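Here is a guided reading of the structure shown below, meant to be followed with the sequence and the model side by side. Please keep both in view while reading.

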Amino acid sequence: MSASKPSAKTSTRQPQPFSPQSLAKGSRLQGASLTHSVCPYCAVGCGLNIYSKRGEVIDVEGNPESPINEGTLCPKGANVFQLVHNPHRVKTVMYRAPYSDHWETKSLDWALDRIAERIKSAREKGFAAEDADGNRLNAVRNIGTLGGAVLDNEENYLIKKLFGAGLGVVSIENQARI
Ligand code: SF4
């Protein structure tokens, strides 16, 4: 069976109606700066495309070039945009003293000093240079650390170095398992 030649009527594209306004329309991402990043929520590590204009994030999407997610994001990752634009996000240190019924706003310096003081005093109480048989321990077993999947390799390295090699903490954990 031979293929029939298309008629002049079907092979000619008809002009479509348009307006100058529709010609001027473009993607909202047009002209935006693109920054590649990684979703902070879980250990899958999906690639993100972060679009910004005039220093403000305007959109976050899955990176189609990422071999991990190929442009897709789970519902949680699809809401990464709200990490930046969210009126409910707490941006200051909130502290509730023992037995208190309310939160207080504190400075970051105050919180860091407080954490350092508490780690120091706990370590002084928990440090064991030797076990009962005189074997060297240099271990701290009354402090533990729990990291999250948002931590990258370098941060985990620093945590291991500071708490393990530096302070002698034995219990160094991370929630990510992959
Ligand atoms: S998009 Fe979902 S699956 Fe991917 S890293 Fe984020 S939380 Fe994990």
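**From paired strands to domains**

Phe127 stands opposite Val140 of strand β7, and this pair is a convenient place to enter the model, which is a predicted one. The contact belongs to a ladder in which strand β6, residues 127–130, is joined to strand β7, residues 136–147, by 3 bridges, the two strands running antiparallel. A further pair in the same region is formed by Glu130, whose bridge partner in β7 is Arg136. Between the two strands lies a hairpin connection of 5 residues, and within this hairpin Gly134 takes a positive phi near 85°.

On its other pairing, β7 meets strand β8, which covers residues 169–174, and here the two strands pair in the parallel sense over 5 bridges. Within this ladder, Gly144 stands opposite Ser171 of β8. The chain passes from β7 to β8 by way of helix α5, residues 153–166, and the three elements together make a right-handed β-α-β unit. Taken as a whole, the strands form an open sheet of 3 strands in the order β6-β7-β8, with mixed pairing. Its edges are β6 and β8, each of which pairs on one side only, and the twist from one strand to the next averages 25°.

One residue of this sheet deserves a separate look, namely Asn138, which is found in strand β7. Most residues other than glycine have a negative phi. Asn138, however, has a positive phi near 50°. Is Asn138 buried or exposed? Asn138 counts as exposed because 10 other C-beta atoms lie within 10 Å, and the exposed class takes in residues with 12 or fewer.

The chain also holds another open sheet of 3 strands, with the order β1-β2-β3 and antiparallel pairing. Its edge strands are β1, residues 33–38, and β3, residues 56–62, each pairing on one side only, and neighbouring strands are turned by 30° against each other on average, direction ignored. β1 and β2 are held together in the antiparallel sense over 6 bridges, and in this ladder Thr35 has Ile50 of β2 as its bridge partner.

Strand β2, which spans residues 47–53, is likewise joined to β3 by 6 bridges, with the two strands running antiparallel. Two pairs help to locate this ladder in the sequence: Asn49 has Glu61 of β3 as its bridge partner, while Tyr51 stands opposite Asp59 of β3. The hairpin that β2 and β3 form has 2 residues between the strands, and Arg54, in the turn, has a positive phi of about 50°.

Beyond β3, the loop that leads on to α3, residues 81–84, contains Glu70. Glu70 is not a glycine, yet it has a positive phi of about 45°. How many other C-beta atoms lie within 10 Å of Glu70? The number is 12, and Glu70 is classed as exposed because this class includes residues with 12 or fewer such atoms.

Attention can now turn to the ligand. The residues around the ligand are Cys39, Tyr41, Cys42, Val44, Gly45, Cys46, Asn69, Leu73, Cys74, Lys76 and Gly77. Sorted by class, this shell has 7 nonpolar, 3 polar and 1 charged residues.

Finally, the pieces can be placed at the level of domains. The domain assignment of the protein gives domain 1 as 31–89 and domain 2 as 93–174. How many Å separate the centres of domain 1 and domain 2, taken over C-alpha atoms? The separation between these two centres is 31 Å.

Terms used
Residues numbered from 1 in each chain as written. Predicted model: local features only at pLDDT ≥ 70, side-chain atom pairs only at ≥ 80, totals over all residues. Pairing = 2+ DSSP bridges. Helix = DSSP H or I, 4+ residues; strand = E, 2+ residues; numbered from the N terminus. Axes fitted to C-alpha atoms, helices over the stretch in contact; angles between N-to-C directions. Right-handed = clockwise from strand over helix to strand, strands pointing away. Near = placed C-beta within 6 Å. Nonpolar A, V, L, I, M, F, W, Y, C, P; charged D, E, K, R; others polar. Domains from an automatic or database assignment. Buried ≥ 20, exposed ≤ 12 C-beta atoms within 10 Å, placed from the backbone.
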